Amino acid sequence: MYLRNSDIIKGYGISSGTASQWSNNAKEGKNNLTLVEVEGKQYIQDTPANHEELDRLYQLGRNKLKSDYKKEIIASKEFLSLFTDEQLIEFISDLGKYEINGKFGYFGNGANIWDKIYHEGNSRLQVLSLNVINKLMELLSVYLENKSYNVFDVGAGNGEPLFPFIHALNAKKQLNKYYSIDISKEMNELAKQNIEKEIGDNYGGYLTTDIEATTFSTYFYKNTPDSTNNIICFFGRTIGNISDRVRIFDNIAKGMTAKDLFVFNFSLDTKQNNQDLNKMKSNIQNELHSSLPELLGIEIDQKTFYTDFNPELNFKFKTFKATKEYQINFPVFNHTKKVHIPINTEITVWRAYTLDQKEIIDELDKAGLEVLSLTKDKTAQTAMIICRLK
Ligand SMILES: C[S@@+](CC[C@H](N)C(=O)[O-])C[C@H]1O[C@@H](n2cnc3c(N)ncnc32)[C@H](O)[C@@H]1O
């Protein structure tokens, strides 16, 4: 009595490759299966001992498969050092809901990747920011008084988008100081290097803070002499990545005086913007969105990145799929916070809302800000608002 390969394949639900491997290993004495020769061919004998051995081999295979697709991680010191305590709690809580807030992606090496995106990508971004700045200069000649101004660059990135603007102010001897404000220390350091090279003594300094979590407008007060007005810039359409916009507007308004201006740009809620997902699918954008989870130890198969638009909630998003089951341990505050991620979970790494201009104007109004000007770029996809206190 003997067992055919097809019986074994069917009986254990295994591949023909695995069944042949078991037979070959038996021939080489690498397992305990015994063989019998029938008409010149060798088969696995149908004995109780062989059934027991087949069960053992099957279980061995399953355990191996499980361990290949299961990973336990302990967050490294390098990873933990990027966050403040509050940010770490936010990160851990978000990850428990299978989301990594895109704002953390600019930490560490993320800052260099953003800089690469700004310079490569055939710089759609540079063109966009130049258009914005040209328009800004045109408009500010209407709203700017003949006084000296501080420029506060909120979410400054590498600081470069504002170069033409601060040069223009400087040339008119109206630039007091430029300050960058960013969640990422590494991003601020890059802005500092770039801006110092560009304007030397007029570089005022930087504040590393999360504008969603702190009352950062005290920084305006601290750095504004009586003779100086402020222009608070928030470019890069970053307001679209913020979930509680009113809080940000409110926060900025609190630090403004009657002569100050707040200027920002945003992506409009248009069909074209909502369907335009390709720019977020590039390898370099994937690199930006992989950097932090990979530093944590999550392995990302680039093919699993997925970008789409959520029409009910009006945001574009990007996810990747966990190709393993993860148990992630964060050693914090003398104990370990644990996050479990099942295999095949979609993890969101980026979210961007496209915005209705009326809604934005209402939100500014709630924060005590009045719109002086709203302009759109040539393609009518991006808008820029200049406002001041009501
Ligand atoms: C899309 S980049 C734009 C950079 C630059 N303004 C430009 O126009 O090229 C967004 C920048 O905002 C920063 N950022 C994002 N969320 C932030 C937050 N909640 N608080 C402070 N900075 C934030 C990021 O670190 C990054 O430098």
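The following dialogue explains how to read the domains, helix packing and ligand surroundings of a predicted model.

Q: Into which domains is the chain divided?
A: A domain need not be one unbroken stretch of the chain, as two of the entries here show. Domain 1 covers 2–67, domain 2 joins 71–98 with 272–353, and domain 3 joins 122–268 with 355–389.

Q: How many residues of domain 2 are in contact with domain 3, and how many Å apart do the C-alpha centres of the two domains lie?
A: One may begin with the separation of the centres and then turn to the residues that touch. The C-alpha centres of domain 2 and domain 3 are 28 Å apart. Seven residues of domain 2 are in contact with eight residues of domain 3.

Q: Which elements give two or more residues to the side of domain 2 that touches domain 3?
A: They are helix H5 (85–96), helix H12 (271–275) and strand S14 (346–353). Strand S14 gives the most, with three residues. By class, this side of domain 2 consists of two nonpolar, three polar and two charged residues.

Q: How is the packing of two helices to be read, and at what angle do the axes of H6 and H13 cross?
A: One reads the distance between the axes together with the angle at which they cross. The axes of helix H6 (residues 110–119) and helix H13 (residues 283–296) come within 9 Å and cross at roughly 170°. Angles over 145 degrees count as roughly antiparallel, and therefore H6 is roughly antiparallel to H13. On the H6 side the contact is made by Gly 110, Ile 113, Trp 114, Lys 116 and Ile 117. H13 contributes Ile 284, Gln 285, Glu 287, Leu 288, Ser 291 and Leu 292. These residues divide into six nonpolar, three polar and two charged.

Q: What is the angle between H6 and H9?
A: H6 packs on helix H9 (residues 185–199) at an angle of about 50°, and the axes are 8 Å apart. H6 is therefore oblique to H9. Here Ala 111, Trp 114 and Asp 115 of H6 meet Glu 186, Met 187 and Leu 190 of H9. The contact holds four nonpolar, no polar and two charged residues. Trp 114 thus appears in the contact with H13 and in the contact with H9.

Q: Is the crossing of H11 and H14 left-handed or right-handed?
A: Handedness is read in addition to the angle. Helix H11 (residues 245–254) and helix H14 (residues 357–366) have axes that come within 8 Å and cross at roughly 45°. The two helices are therefore oblique to each other, and their crossing is right-handed. Arg 245, Val 246 and Phe 249 of H11 make the contact with Glu 363, Leu 364 and Lys 366 of H14. Three of these residues are nonpolar, none is polar and three are charged.

Q: Which residues are closest to the ligand?
A: A ligand site may be read first by its members and then by their classes. The ligand is surrounded by 19 residues, and the closest are Tyr 106, Gly 155, Gly 157, Ile 183 and Gly 236. The shell comprises nine nonpolar, six polar and four charged residues.

Notes:
Residues are numbered from 1 along each chain as its sequence is written. This is a predicted model: local features need pLDDT of at least 70, side-chain atom pairs count only at pLDDT 80 or more; totals for chains, interfaces and linings use all residues. A residue is near a molecule or strand if its C-beta atom, placed from the backbone, lies within 6 Å of it. Ala, Val, Leu, Ile, Met, Phe, Trp, Tyr, Cys and Pro count as nonpolar, Asp, Glu, Lys and Arg as charged, and the others, Gly among them, as polar. Axes are lines fitted to C-alpha atoms, for helices over the stretch in contact, and angles run from 0 to 180 degrees between N-to-C directions. Helices (H or I, at least four residues) and strands (E, at least two) are DSSP runs, numbered from the N terminus. Angles under 35 degrees count as roughly parallel, over 145 as roughly antiparallel, 65 to 115 as roughly perpendicular and the rest as oblique. A crossing is left-handed if the near helix is turned anticlockwise from the far one by less than a right angle, and right-handed if clockwise. Domain bounds come from an automatic or database domain assignment.
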